[in-house]
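Please examine the sequence and the structure shown below. The explanation that follows takes up the sheet, then the pockets, and then the aromatic residues.

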Amino acid sequence: MKNTAYLLLASILLFSCNHATKEKTIDKLENNTDSIQKEEIKSDSIEKHQTFNDSIDSLDQDLKAFVPKEYSVISIESGNLNFDPYTDAILVLRKTSEASTSNYAENKPDKRPLLILLGQKDGTYKLAYQNDNAVYCIDCGGLFGDPFTGITIKNGYFSIEHGVSGGHHWENVTTFKYNKVKNNWFLYKDHYINYKLNDGNDKNAEALVVDYEKLKTVKDFGEVSFEKFNIYNDKGY
């Protein structure tokens, strides 16, 4: 009789242990599944930043040499940057993953290098300067998308243009001027304009009017060479 009782007690204990172990295993599997599902949801919920600057695939072989791996060109402009007989160029590059990896809100923007390339006698180019802080990142415009709008070159000057349109509308043109003696480009002026909706009753009036405008020159920021310019800094350097 005692043996029977012991066997019955042992069976009950064994069943209880197996049941508890099974429940722990199920709980663990459920927790792992939940974690995987959460990670999948988190991955799927990443929204790519909006850009208006497509990659430029058709490049001269001489220019392709200046584009590092995992980067592409979003702007290329030609002109006379240093008053010599040869055509110069400016390239603006972007990291190919910037649409999903740039994080300006957490101070982790994917920088966009700007390269000043000087034309040579043999038709090739030579890198004069590179600045990774001259062009705003893809998400620097916040909800209004990519703020970079283009580059302009004219007779020793070049301008970097930014702006956004939407509920908030602004434009910013930063211009550099070539100094032949110092063989470098220096910040010449920085022009910022903020617009607001026109609340007038004239149907023929412009939809937007200037709300705030600031033009800074050398008198304001002093001598700032291109390679030291930093658009992420309010002072510009």
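In this predicted model, five strands build an open sheet in the order S5-S6-S7-S8-S9, and their pairing is antiparallel. The edges of the sheet are formed by strand S5 (148-154) and by S9, each of which pairs on one side only. From one strand to the next, the twist averages 15°. At the S9 edge, the antiparallel strands S8 and S9 are joined by 9 bridges. Across this pairing, Tyr192 stands opposite Lys214 in S9.

Strands of this sheet also contribute to a pocket. Rolling a probe the size of a water molecule over the atoms shows where empty space is left. The largest pocket holds about 340 Å³ of space. It is lined by 18 residues, and those closest to its centre are Tyr136, Asn172, Asp190, Lys216 and Asp234. Which elements give two or more residues to this lining? They are strand S7 (169-179), strand S8 (184-197) and strand S9 (208-217). In terms of residue class, the lining of the largest pocket comprises 8 nonpolar, 5 polar and 5 charged residues.

The second largest pocket has a volume of about 200 Å³. Its lining consists of 13 residues, and His49, Gln50, Asp139, Gly142 and Leu143 are the ones nearest its centre. By class, 4 residues of this lining are nonpolar, 6 are polar and 3 are charged.

The aromatic residues form a further topic. Counting rings whose centres lie within 6.5 Å, the model contains 12 aromatic pairs. One pair is that of Phe158 and Phe226, whose ring centres are 5.6 Å apart. Why is this pair classed as edge-to-face? The ring planes stand at 75°, and planes over 60 degrees apart count as edge-to-face. Phe158 belongs to strand S6 (residues 157-164), whereas Phe226 lies in the segment after helix H4 (218-221), so the contact ties together parts that are 68 residues apart in sequence. Are these two residues buried or exposed? Both Phe158 and Phe226 are buried.

Aromatic residues also come together in a cluster, which is formed by Phe83, Tyr129, Tyr178 and Trp185. Tyr178 falls within the range of strand S7 (169-179), and Trp185 within that of strand S8 (184-197). The strands that contribute to the lining of the largest pocket thus also carry members of this aromatic cluster.

Note on methods. Residues numbered from 1 in each chain as written. Predicted model: local features only at pLDDT ≥ 70, side-chain atom pairs only at ≥ 80, totals over all residues. Heavy atoms only, no water. 1 Å grid on protein atoms, 1.4 Å probe; cavity = no way out; pocket = protein on both sides within 12 Å on 5 of 7 lines; lining within 4 Å. Points joined across faces, edges and corners; volume = space filled by probe spheres on them. Helix = DSSP H or I, 4+ residues; strand = E, 2+ residues; numbered from the N terminus. Nonpolar A, V, L, I, M, F, W, Y, C, P; charged D, E, K, R; others polar. Phe/Tyr/Trp six-rings, centres within 6.5 Å; stacked < 30°, edge-to-face > 60°. Buried < 20%, exposed > 50% of the residue type's maximum accessible area, 1.4 Å probe, protein only. Pairing = 2+ DSSP bridges. Axes fitted to C-alpha atoms, helices over the stretch in contact; angles between N-to-C directions.
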